[in-house]
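Subject: Structure handover and notes

Dear colleague,

I am passing on the structure we discussed, with my notes below it. Please read them with the coordinates open.

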Amino acid sequence: CFISVGIVSAQKTDDEQKLKSTVDLIINLCEEGKYDSIAAMIIYTGNDQERYFKDTYNYSERKEATTVKRMGKKIKAFIDLSDSRRFGKYSKTEEDGVPAKNLEVIFINGEQELVNVFTFVEMDDNLLLLKFQ
């Protein structure tokens with residue numbers, strides 16, 4: 001009984017750490033304005049149903065690059081507004097029938113704390129950003 005609890009706890013810690021590393025990477029790329037680099041880290045949710053939740057964004061396509069830039073600039077705005085940040089709560093949910101992993105990031109500016117949630121889905125052992133809100 002104790003062993004299975006330890007395994008579940010270790011798995012949650014590994015999932016959470018992988019999420020934190022991925023969020024850190026995305027934040028660093030957004031901070032540098034490297035939106036082309038985050039395109040491959042965002043799950044496709046456009047109109048092409050064959051690619052929906054099965055592919056990432058293609059930055060060489062103008063419309064897809066616009067979607068990626070919009071998300072990247074939204075994240076960068078919070079980076080620019082804050083003095084520091086810390087991780088908050090980790091949770092699991094479901095998005096469009098697919099398991100999702102959520103991680104709160106608290107952007108801190110003086111006394112003000114802005115809580116945002118990065119939501120990821122897993123595809124081929126990679127965490128792909130679904131939304132930032």
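The notes below cover salt bridges, nonpolar cores and the largest pocket, in that order. Please keep in mind that this is a predicted model.

Salt bridges

The count comes to 12 salt bridges. Two of them share Asp-15. In one, Asp-15 pairs with Lys-92, with the closest N and O atoms 3.5 Å apart. Asp-15 sits in helix 1 (residues 2-31) and Lys-92 in strand 1 (residues 84-95), so this pair ties together parts that are 77 residues apart in sequence. The two ends differ in exposure: Asp-15 is buried, at 13% relative accessible area, whereas Lys-92 is exposed, at 52%.

In the other, the side chain of Asp-15 meets that of Lys-101, at 3.4 Å from N to O. Here too distant parts of the chain are linked, as Lys-101 belongs to strand 2 (residues 98-109) and lies 86 residues from Asp-15 in helix 1. Both Asp-15 and Lys-101 are buried.

These contacts belong to a wider arrangement: a network of salt bridges links Asp-15, Lys-18, Lys-92, Lys-101 and Glu-122.

A further salt bridge joins the side chains of Glu-113 and Arg-86, at 3.1 Å from N to O. Glu-113 is in strand 3 (residues 112-123) and Arg-86 in strand 1, so the pair ties together parts that are 27 residues apart in sequence. Glu-113 is partly exposed, with a relative accessible area of 43%, and Arg-86 is partly exposed as well, at 39%.

Nonpolar cores

The largest nonpolar core has 27 residues. Those with the most contacts inside this core are Ile-26, Ile-27, Ile-75, Phe-118, Phe-120 and Leu-129. Two or more residues each come from helix 1, helix 2 (35-38), helix 3 (62-81), strand 2, strand 3 and strand 4 (126-132). Helix 1 gives the most, with six residues.

Phe-120 is worth a look on screen. Leaving aside residues up to four places away in sequence, Phe-120 touches Leu-19, Thr-22, Val-23, Ile-26, Pro-99, Ala-100, Lys-101, Leu-127, Leu-128, Leu-129 and Leu-130. Apart from the largest core lies another, of seven residues, among them Ala-100, Met-123, Leu-128 and Leu-130.

One of the residues that Phe-120 touches is Thr-22, which lies in helix 1. Thr-22 is buried, with a relative accessible area of 13%. With residues up to four places away in sequence again left out, Thr-22 touches Met-41, Phe-120 and Leu-127.

The largest pocket

About 150 Å³ of space lies in the largest pocket. Its lining consists of Ile-42, Ile-43, Thr-45, Tyr-57, Thr-67, Arg-70, Met-71, Lys-74, Leu-130, Lys-131 and Phe-132. The elements that give two or more residues to this lining are helix 3 and strand 4, and helix 3 supplies the largest share, four residues. By class, six of the lining residues are nonpolar, two are polar and three are charged. Leu-130 appears in this lining and is also among the residues of the seven-residue core.

Regards

Key: Residues numbered from 1 in each chain as written. Predicted model: local features only at pLDDT ≥ 70, side-chain atom pairs only at ≥ 80, totals over all residues. Heavy atoms only, no water. Salt bridge = Lys/Arg side-chain N within 4 Å of Asp/Glu carboxyl O. Buried < 20%, exposed > 50% of the residue type's maximum accessible area, 1.4 Å probe, protein only. Contact = heavy atoms within 4.5 Å. Core = buried A, V, L, I, M, F, W, Y, C linked by side-chain atoms within 4.5 Å. 1 Å grid on protein atoms, 1.4 Å probe; cavity = no way out; pocket = protein on both sides within 12 Å on 5 of 7 lines; lining within 4 Å. Points joined across faces, edges and corners; volume = space filled by probe spheres on them. Nonpolar A, V, L, I, M, F, W, Y, C, P; charged D, E, K, R; others polar.
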